[in-house]
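Visitor: I am new to this structure and would like to be led through it step by step. Could you show it to me, and then take my questions in turn?

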Amino acid sequence: MVDTIKTLLANNGYKVVEFDRLLNNACAVREIKGSITPLTSNRYRIFHQFQIIYKTSKTNLKDITINIAKLIYSNFDEVENIDYSIDDENNVSVIEFVIPETI
């Protein structure tokens, strides 16, 4: 699913890099946590928690962050708990969200 999110961002004009190569005007994506809940004897609900970090030299970091969150919401059937934080001093935003999946 990380690759799907990376592709979505790249197809919408965002430069996507690996975490150890995070540069200005680029973002990185990773899955940071997961949990599983049984529904029935052979059906489960998996909650994937993702993190996107965006770094920029621009002053509109909040707008960029909100646009990325909107993009995630509009391209996945179920998205839960999109939270973001902005570090204006270092020009970095962190977006975290959960995408549940039933298997």
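Visitor: How many helices and strands does the secondary structure of the protein chain come to, and what pattern does the chain follow along the sequence?
Guide: This is a predicted model, in which local features need pLDDT of at least 70 and side-chain atom pairs count only at pLDDT 80 or more, while totals for chains, interfaces and linings use all residues. Residues are numbered from 1 along each chain as its sequence is written, and side-chain values use heavy atoms, with hydrogens and water left out. Helices (H or I, at least four residues) and strands (E, at least two) are DSSP runs, numbered from the N terminus. Counted that way, the protein chain has two helices and four strands, and read along the sequence its pattern is α-β-β-α-β-β.

Visitor: What share of the residues in the protein chain is buried?
Guide: A residue is called buried under 20% relative accessible area, exposed over 50%, and partly exposed in between, using a 1.4 Å probe and protein chains only. The protein chain has 103 residues, and its C-alpha atoms fill a box of roughly 50 × 25 × 20 Å, taken along the principal axes. Of those 103 residues, the buried share is 38%.

Visitor: At what angle do helix α1 and helix α2 pack?
Guide: Two packed helices are described by the angle between their axes and the distance between the axes. Here the axes are lines fitted to C-alpha atoms, for helices over the stretch in contact, and angles run from 0 to 180 degrees between N-to-C directions. For α1 (residues 2–11) and α2 (residues 61–75), the axes lie 11 Å apart, and the angle is about 120 degrees.

Visitor: Which word describes α1 relative to α2 at that angle?
Guide: Angles under 35 degrees count as roughly parallel, over 145 as roughly antiparallel, 65 to 115 as roughly perpendicular, and the rest as oblique. The angle between α1 and α2 is about 120 degrees, and therefore α1 is oblique to α2.

Visitor: Which residues of α2 are met by residues of α1?
Guide: Contact means heavy atoms within 4.5 Å. From α1 the residues taking part are Ile-5, Leu-8 and Leu-9. Their partners in α2 are Ile-68, Leu-71, Ile-72 and Asn-75.

Visitor: How do the residues of that contact divide into nonpolar, polar and charged?
Guide: Ala, Val, Leu, Ile, Met, Phe, Trp, Tyr, Cys and Pro count as nonpolar, Asp, Glu, Lys and Arg as charged, and the others, Gly among them, as polar. For the contact of α1 with α2, the division is six nonpolar, one polar and no charged.

Visitor: Which element gives the most residues to the largest nonpolar core?
Guide: A nonpolar core is a set of buried Ala, Val, Leu, Ile, Met, Phe, Trp, Tyr and Cys residues joined through side-chain atoms within 4.5 Å. The largest one has 22 residues, and among those with the most contacts inside it are Ile-5, Ile-68 and Phe-97. Two or more residues come from each of α1, β1 (26–38), β2 (44–55), α2 and β4 (92–102). With six residues, the element that gives the most to this core is α2.

Visitor: Is Glu-31 buried or exposed, or in between?
Guide: Glu-31 has its place in strand β1. Not counting residues up to four places away in sequence, Glu-31 touches Val-2, His-48, Gln-49 and Phe-50. Because its relative accessibility is 40%, Glu-31 counts as partly exposed.

Visitor: How far apart in space are the C-alpha atoms of Asn-24 and Lys-58?
Guide: Asn-24 is placed in the loop between α1 and β1, where it touches Lys-55, Thr-56 and Ser-57, not counting residues up to four places away in sequence. Asn-24 and Lys-58 are 34 residues apart in sequence, and from C-alpha to C-alpha the separation is 8.8 Å.

Visitor: What value is phi of Asn-81 near?
Guide: Most residues other than glycine have a negative phi, and most peptide bonds are trans. Asn-81 lies in strand β3 (residues 80–87) and is exposed, with a relative accessible area of 52%. Its phi is a positive value in a residue other than glycine, near 55 degrees.
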